[in-house]
Amino acid sequence: MLKTIPSFPEKFKSQKWERYYFPRRYVLVLLGFLGMFSIYAMRVNISMTIVAMVNQTAVAFPNNSHSETKECLNLDYDNELVQSNGFKGEQYNWDTTTQTTILGSYYYGYVLTQLPGGIIAEKFGAKWVFGCGILTTAIISLLIPLTASFGSLALTCIRVIQGLADGITIPAINVAISRWSPKSERSRVSTVIFSGAQIGTVIALPISGLLSVTDVLGGWPSVFYVFGSMTCIWFVFWAFLIYEKPSVHPGISREELLFIELNNDEQDKKRPANLWKNIFTSIPMWALILGHFGHNYGFIVLLLELPTYLSTVLNFDLKSNGFLSALPFVVQAAGAWIASFIADYLRHSNKMSITAIRKMMNSIGEFGPAICLIGVTFAGCQPSLTISLLCLALALNGCVYSGYNITHVDMCPEFAGTLYAITNTIANITGILGPMSVGVFTASGATLANWSNVFYTAAAVYLFCGTIFAVFGSAELQTWGSAENKSEKEASSEKNSDEVEIKTSL
């Protein structure tokens, strides 16, 4: 028997106060977005700030050999003067290897807490795992300026601890998404929340550049104070406004609760006895792991190293560097949002299977950037072409959020946190490998040839991993994730008998 859920506007016309009802799942989306914003703002601000923290003249040109070591001299914007005199705050003589170690150290901790974070969130709830992880990250951010004064080793260690705290957050938000997002909105909900990463990057990079050349709170230390304090304020709203699941929210309407529950996968939290074996012997699961790995490698190389490339090769000053480093992530967020609406439309229209949709989006999101990065190697000392290619690369890369990123929930919604924790743990090894490879390739100098090797490597990883997901990936509900495995015939029969048509204008 088909059931029809009345739309919110029709229902609320009869009760004046209900006309202003704001769906509670949108509160989760908003605060989840701001949480992701905070995570990435605190993660990437050091990528820009380290340019100000390091005495670039002493490190890069120890023998005053400016003309011998720098390329693209036709693009010299009197950058040396800005670097030596424009920054505020103490500066350190950290060489390239030390800098890449500091940037990558965060991921040593980050990969260790992914799986515990997912399991804990599934068992005890995502709200406090996500919230407390971000709060701890914020407190550590406030301590970074003090820690840096004790030397690079101390800063490296506290970055590892920051990664440990942050590692539990992403699997936890996937658990929240699986509980709060109807299937018909799943691509959009996931994309909007995860696009906080791009917006956080977009805001953090230029703001970090601006704060580093001002006297506010001592120059570059203000970067960590500002973003850390803002995140502490976010936590207060998260703690009081977010609930574990729709059924326990005291302010949710009956209509919204029914809409979510009837348009979501039934979840049985009893963990199957052979879950781990089934996960690691599943071909679609390994395809998902590699799809995630490929995206992360290219993304992290650009996320952490783009400011360095713009500064050392294309000679942009820190203010221009901040805005130009952020620009590709602006278009990435826009690309991600557009792709999510297209994906949900295709799913709603039944024009493509969910697996075909995820594979198409992921292929665009990984093959496109690979081609663009190869193009960057031919751009040479043409900053306009280079920036355009990087923007196009990340605009196309935004499609992955409707590709592999939400496939965890499609495959196994009841254990989406565990699945994401597994793939994210392996994928974020790239946080160590990426900066390390950049350090190896550029050890002999920040030349166009050396940076071309960085981009070729990222392109190769994109192409290989994207191909594996396109061939072997699947977004179908996996029987190994259920407490009671059912045959496809039985599952199909139950689906047909319990089918519910939901009409809503939410």
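Two residues are in contact here when heavy atoms lie within 4.5 Å. With that in hand, let's work through some exercises on this predicted model.

**Exercise 1. Work out what surrounds Y420, and decide whether Y420 is buried or exposed.**

Step 1: Find the residue. Y420 sits in helix α20, which covers residues 416-427.

Step 2: List its partners. Leaving out residues up to four places away in sequence, Y420 touches I170, P171, N174, F194, H292, N405 and H408.

Step 3: Take P171 from that list. P171 and Y420 are 249 residues apart along the chain, yet their C-alpha atoms are separated by 5.5 Å.

Step 4: Classify Y420. Buried means under 20% relative accessible area, so Y420, at 3%, counts as buried.

**Exercise 2. Treat Q162 likewise: which helix holds Q162, and which residues does Q162 touch?**

Step 1: Q162 belongs to helix α9, residues 152-166.

Step 2: Its relative accessible area is 1%, so Q162 is buried.

Step 3: Setting aside residues up to four places away in sequence, the contacts of Q162 are M42, Y106, T137, I140, S141 and I144.

**Exercise 3. Check the length of helix α11 against its expected span, then look for a bend.**

Step 1: Helix α11 runs over residues 186-212 and has 27 residues.

Step 2: The expected span is 1.5 Å times one less than the number of residues, which gives 39 Å for α11.

Step 3: Compare with the model. The end C-alpha atoms of α11 are 39 Å apart, so the two values agree.

Step 4: Follow the axis. At I193, α11 bends by about 25 degrees.

Step 5: Add the surroundings. Of the 27 residues of α11, 22 are buried, so the helix is mostly covered.

**Exercise 4. Describe the nonpolar surface patch that includes L433, and name the helix that gives the most to it.**

Step 1: The members are Y108, I429, L433, M436 and V440, and together they have about 440 Å² of accessible area.

Step 2: Helix α21, residues 430-441, gives the most to this patch, with three residues.

Step 3: L433 lies in α21. Its relative accessibility is 36%, so L433 counts as partly exposed.

**Exercise 5. Zoom out and summarise the whole protein.**

Step 1: Count the secondary structure: there are 23 helices and zero strands.

Step 2: Turn to burial: 58% of the 506 residues count as buried.

Step 3: Look at contacts between residues at least 6 apart in sequence: 85% of them join residues at least 24 apart.

Step 4: Finish with the surface: the accessible area comes to about 20,300 Å², and 64% of that belongs to carbon and sulfur atoms.

Technical notes. Residues numbered from 1 in each chain as written. Predicted model: local features only at pLDDT ≥ 70, side-chain atom pairs only at ≥ 80, totals over all residues. Heavy atoms only, no water. Patch = residues over 30% accessible without salt bridge, like charges linked within 9 Å, V, L, I, M, F, W, Y side chains within 5 Å. Areas by Shrake-Rupley, 256 points an atom, 1.4 Å probe, with all protein chains shown as cover. Salt bridge = Lys/Arg side-chain N within 4 Å of Asp/Glu carboxyl O. Helix = DSSP H or I, 4+ residues; strand = E, 2+ residues; numbered from the N terminus. Buried < 20%, exposed > 50% of the residue type's maximum accessible area, 1.4 Å probe, protein only. Bend = angle between axes of the 7 residues up to and from the residue.
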